[in-house]
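Q: I would like to take a close look at one part of this model and then see how the rest is arranged around it. Please go slowly, since I am still learning the terms.
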Amino acid sequence: MIIKTVKCPKCKTHLKINGNPGETILLSCPKCYARGKYTFPGEKAEIKSISADNAIEVRNLTKMFNGFKALDNVTFNVKKGEILGFVGPNGAGKTTTIKLLTNLLTPTSGHAYINEIDVNKTPTKALISVGSLIEVPGVYDYLTPHEMLTYFGKIHKLDKNEINQKIKEVLKVVKLSEWEYKKIGSFSTGMQKRLAIAKSILHNPKILIIDEPVIGLDPKGMKDIRNMIKQFKTEGITVFLSSHLLREVRDTCDRVIFLDDGKIVTQGSIDEIMNRITIDTIEVEFLNQLSEDDIKKIKSISEINNLETENGIFKIKFDGKPETSYKILKKLTKQGLKVISYSTQKADLEDFYVSIMKDERGVV
Ligand SMILES: Nc1ncnc2c1ncn2[C@@H]1O[C@H](COP(=O)(O)OP(=O)(O)O)[C@@H](O)[C@H]1O
Ligand SMILES: [Mg+2]
């Protein structure tokens, strides 16, 4: 862990921050609310530690396509039993990461380990306990789920009885039992996606790697897939899922990694990320129009970080703590100001997503 003091480029306030070598964190100045990112030094140092607690470990992974860096020195872990959301806009590098994790692509530099085994060096061994879903299998239109899954069972060297038993089992999980002998070409996108999930869990994987699981699905289909993923967690399966949809990861995942332009922007639990962003606001309305003097009084309240007005509504920025909100209200009324409405607006993860994806690298 590195502890550093950085200066806000706008108001020059000193901020104390901590993080790991190479980690990029989002900063929000508590005084002037300028936003920016800071990358801790030591990015180039390869961290080799491999822990048995992790199902997936990615170390300094870089992928170039004809001189274009699609993935830039990415390092992260996925703990055993965790559901990790890998989030970012289109083109961020999510599918590239997943293809590197499943040996469909070879890294330009860096390593991906699954259960402590280097995917690039010994792929068969590393991927034996992995189920993956990368694309919807349109090429199986003329087969039935039974035929398709039998084929995949054979690839995984399951015997005939085992295959038949597993097919029944996985089709039940994805609610396609009645469709076992129907042509896949007649299925809806949602059904095809569920079948692809059935395929990925046929050989009892301990780790599931899924690229954009709900893309192209209607709300009901999305809900089915989400519930299925939550069910996998209760069975101790580690899930790594990529998505460009925030709602999906917020509802399903234990932890989230945000990726943009091939780089990790930030990571943590949803709660941790929400706590890192101090953009909570109190909206206040007063009975009477306030005088210059009244506004001066409000600004002198030490718990208030910033004050703005919009259509007669005062927007107070504060540290987000309920006790601070209470103190501010007490001070306003003590000053004789007639508060008629007072409500706290929590920053939403959606605001955060938009802000980190658009922010420039600023605070140094
Ligand atoms: N095979 C490839 N050849 C050239 N460029 C590629 C290839 N695959 C991906 N890219 C580029 O790499 C970047 C990341 O792509 P991708 O990993 O598919 O992003 P995401 O899945 O987050 O949308 C994009 O700019 C994409 O155009
Ligand atoms: Mg993709």
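Which residue just after α1 takes a positive phi, and of about how many degrees?

A: Just after α1, the residue with a positive phi is asparagine 103, at about 65°. Please keep in mind that this is a predicted model, in which local features need pLDDT of at least 70 and side-chain atom pairs count only at pLDDT 80 or more, while totals for chains, interfaces and linings use all residues. Residues are numbered from 1 along each chain as its sequence is written, and chains are lettered from A and ligands numbered from 1 in the order in which they are written.

Helix α1 itself spans residues 94-101 (helices are DSSP runs of H or I with at least four residues, strands are runs of E with at least two, and both are numbered from the N terminus). α1 is mostly covered, with 6 of its 8 residues buried (buried means that 20 or more other C-beta atoms, placed from the backbone, lie within 10 Å of the residue's own; exposed means 12 or fewer, and partly exposed lies in between). Those buried residues are Lys94, Thr96, Thr97, Ile98, Leu100 and Leu101.

α1 also gives the most to the shell around ligand 1, namely 3 residues. That shell consists of Phe65, Ala70, Gly88, Asn90, Gly91, Ala92, Gly93, Lys94, Thr95 and Thr96 (a residue is near a molecule if its C-beta atom, placed from the backbone, lies within 6 Å of it). Sorted by class, the shell has 3 nonpolar, 6 polar and 1 charged residues (Ala, Val, Leu, Ile, Met, Phe, Trp, Tyr, Cys and Pro count as nonpolar, Asp, Glu, Lys and Arg as charged, and the others, Gly among them, as polar).

Strand β1 (residues 2-7) offers a contrast in cover, since it is hardly covered and the count of buried residues among its 6 residues is 0. β1 pairs with strand β2 (residues 14-19) in the antiparallel sense over 6 bridges (two strands pair if DSSP finds at least two bridges between them), and lysine 7 stands opposite histidine 14 in β2. The two strands form a hairpin with 6 residues between them, and lysine 12 in the turn has a positive phi of about 65°.

Another positive phi, near 50°, belongs to asparagine 311 in the hairpin of β16 and β17, where 2 residues lie between the strands. 5 bridges join β16 (residues 306-310) to β17 in the antiparallel sense, with threonine 309 facing phenylalanine 314 as its bridge partner. On β17 (residues 313-317), Phe314 and Ile316 point to one face and are buried, whereas Ile313, Lys315 and Lys317 point to the other and are not. Such a pattern is to be expected, because side chains in a regular strand alternate between the two faces of the sheet.

Turning to the interior, the largest nonpolar core has 61 residues, of which Ile114, Ala198, Val239 and Ile257 touch the most other members (a nonpolar core is a set of buried Ala, Val, Leu, Ile, Met, Phe, Trp, Tyr and Cys residues joined through C-beta atoms within 7 Å). A second, separate core of 7 residues includes Phe314, Phe318, Ile328 and Leu332.

Over the whole chain there are 11 helices and 18 strands, and buried residues make up 32% of the 364 residues. The mean pLDDT (the predictor's confidence in each residue, from 0 to 100) is 86, and 90% of the residues reach 70 or more.
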